[in-house]
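Subject: Structure handover, with notes on salt bridges

Hi,

Here is the structure I promised to pass on to you. Please open it alongside this message, and my notes follow just below.

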Amino acid sequence: MGTIKLNRVKVYAYHGCLIEEGQIGSDYLVDLKIKTDLIKPAVTDNLSDTVDYVHLNKIIKEEMAQRSKLLEHVCDRILNRSLSEILQITKAKVTVRKINPPIGGDVASVGVTMTKKR
């Protein structure tokens with residue numbers, strides 16, 4: 001078993017419950033960590049034997065582009081797509097952080113982390 005990570009994928013998106021958040025948008029950082037068997041690709045050196053992080057990045061960007069009120073909803077969509085499209089994944093963990101959230105204080109970010117496994 002092994003781990004593949006995408007760290008701090010920066011995306012501009014329009015999530016949030018406030019009308020302004022859907023109009024103005026903001027920066028987000030996404031971390032995705034997946035568990036999979038890395039023994040075969042370590043030996044074969046073939047991309048087809050592993051989980052392609054380009055595919056994972058595409059899932060993140062496409063799901064972040066779909067507006068949601070809650071970060072929980074976005075996390076769930078990223079996890080569901082990752083597990084349904086990439087059968088080698090046994091477990092996935094995603095964190096979505098909104099940078100400089102409009103919550104009336106000096107807060108660097110807010111975030112949600114969720115995990116799913118087969």
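How many salt bridges does the count come to? The count is 9. Please keep in mind that this is a predicted model, so every value below is computed from it.

First, some background. An unreviewed UniProt entry annotates residues 4-116 as "domain: Dihydroneopterin aldolase/epimerase". Across residues 4-116, helix makes up 35% of the chain and strand 34%, with 15 Å between the C-alpha atoms at the two ends.

Now to some individual pairs, beginning inside a helix. Lys58 and Glu62 form a salt bridge, with an N to O distance of 3.6 Å. Both residues belong to helix H3, which spans residues 53-64, and they sit 4 residues apart, about one turn of the helix. Are these two side chains buried, exposed or partly exposed? Lys58 has a relative accessibility of 45% and counts as partly exposed; Glu62, at 32%, is also partly exposed.

The next pair goes from one helix to another. Glu63 and Arg77 meet in a salt bridge at 2.7 Å, N to O. Because Glu63 lies in helix H3 and Arg77 in helix H4 (residues 71-85), this pair ties together parts that are 14 residues apart in sequence. Both partners fall under the 20% cut-off for buried: Glu63 is buried at 5% relative accessibility, and Arg77 is buried with a relative accessible area of 14%.

A further pair links helix and strand. Asp76 forms a salt bridge with Lys116, and their closest N and O atoms are 2.7 Å apart. Here distant parts of the chain are linked: Asp76 is in helix H4, while Lys116 is in strand E4 (residues 109-117), 40 residues away. Asp76 is partly exposed, at 25% relative accessible area, and Lys116 counts as partly exposed at 27% relative accessibility.

Which residues do shared salt-bridge partners join into one network? They are Lys58, Glu62, Glu63, Arg77, Arg81 and Glu85. So if you would like a place to begin looking, you could pick out the Lys58 and Glu62 pair in helix H3 and then go on to Glu63 and Arg77, which tie helix H3 to helix H4.

Happy to talk it through whenever suits you.

Best wishes

Key. Residues are numbered from 1 along each chain as its sequence is written. This is a predicted model: local features need pLDDT of at least 70, side-chain atom pairs count only at pLDDT 80 or more; totals for chains, interfaces and linings use all residues. Side-chain values use heavy atoms; hydrogens and water are left out. UniProt positions are given in the numbering used here, feature names are shortened, and annotations may be inferred rather than shown by experiment. A salt bridge is a side-chain nitrogen of Lys or Arg within 4 Å of a carboxyl oxygen of Asp or Glu. Buried means under 20% relative accessible area, exposed over 50%, partly exposed in between (1.4 Å probe, protein chains only).
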